[in-house]
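Please walk through the model below, from one residue to its helix, then to a helix pair and the whole chain.

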Amino acid sequence: MRMTSSELAELMLDCSTNAIKTTADEFNTELDGSEQSIELVDDIILCWLDKYKSQALESDAVFTICNIYGAYVGEIFRNKLGGEWNYDESNPDAPYVVLNYANNNYAFAGVCYQRLVNDSQVSIKRYYEEAVSNNIQ
């Protein structure tokens, strides 16, 4: 069963709220929905590794961590500029959610994945800033 765009938008908003609550519970850190708080997301992603070690890299944990923080950053972008969440099934083996805005797709969860799993130098904040600057001329 496929989700409607409004159901997906509601799901992503719920995920964003979950990121705020989970971060407060796990790390006693407040995410306030501001652009400045995205820098904290860069740190929090790595805190999951520090706190839970290899458990943070189990597939269910990776999926949850990347999606809640991707939704959090995406919602900040959406509140600033707009956009619509889209479920991309172009690869049926690896569907994912992107934020569509001005003919561009932003894979915020994918950037969280890169930082968590592949390269701690990848910056979610930098990706966000580039996405915004590409749309504000």
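In which helix does Ile65 lie? The model is predicted, and in it Ile65 is part of helix α3, which covers residues 59–80. The relative accessible area of Ile65 is 4%, and because buried means under 20%, Ile65 counts as buried.

Which residues, beyond those up to four places away in sequence, does Ile65 touch? They are Ile45, Trp48, Ala56 and Leu116. A further distance links Ile65 to a remote part of the sequence: its C-alpha atom is separated by 8.0 Å from that of Cys112, and the two residues are 47 apart along the chain.

Two of the residues touched by Ile65, namely Ile45 and Trp48, also appear in the contact between helices α2 and α3. Helix α2 runs over residues 38–52, and its axis comes within 11 Å of the axis of α3, with a crossing angle of roughly 180°. Angles over 145 degrees count as roughly antiparallel, and the two helices are therefore roughly antiparallel to each other. On the α2 side the contact is made by Ile38, Val41, Ile44, Ile45 and Trp48, and on the α3 side by Ile65, Tyr69, Tyr72, Val73 and Ile76. Sorted by class, this contact has 10 nonpolar residues, with no polar and no charged ones.

The loop that leads into α2 also reaches α3. Ser37 is found in the loop between α1 (5–27) and α2. Is Ser37 buried or exposed? With a relative accessible area of 3%, Ser37 falls under the 20% limit and so is buried. Leaving aside neighbours within four places in sequence, Ser37 is in contact with Leu31, Asp32, Tyr72 and Ile76. Tyr72 and Ile76 are also among the α3 residues in the contact with α2.

These elements belong to a chain with five helices and three strands. Read along the sequence, their pattern is α-α-α-β-β-β-α-α. Among contacts between residues at least 6 apart in sequence, 60% join residues at least 24 apart.

Overall dimensions complete the description. The C-alpha trace spans about 40 × 35 × 25 Å along its principal axes. A compact globule of 137 residues would have a radius of gyration near 14 Å, and the chain, at 14 Å, agrees with this. Of the 137 residues, 38% count as buried. The chain exposes about 7,900 Å², of which carbon and sulfur atoms supply 47%.

Definitions and conventions. Residues are numbered from 1 along each chain as its sequence is written. This is a predicted model: local features need pLDDT of at least 70, side-chain atom pairs count only at pLDDT 80 or more; totals for chains, interfaces and linings use all residues. Side-chain values use heavy atoms; hydrogens and water are left out. Helices (H or I, at least four residues) and strands (E, at least two) are DSSP runs, numbered from the N terminus. Buried means under 20% relative accessible area, exposed over 50%, partly exposed in between (1.4 Å probe, protein chains only). Contact means heavy atoms within 4.5 Å. Axes are lines fitted to C-alpha atoms, for helices over the stretch in contact, and angles run from 0 to 180 degrees between N-to-C directions. Angles under 35 degrees count as roughly parallel, over 145 as roughly antiparallel, 65 to 115 as roughly perpendicular and the rest as oblique. Ala, Val, Leu, Ile, Met, Phe, Trp, Tyr, Cys and Pro count as nonpolar, Asp, Glu, Lys and Arg as charged, and the others, Gly among them, as polar. The radius of gyration is taken over C-alpha atoms; the globule rule is 2.2 Å times the number of residues to the power 0.38. Accessible areas come from the Shrake-Rupley method with a 1.4 Å probe; for residues, only the protein chains shown count as cover.
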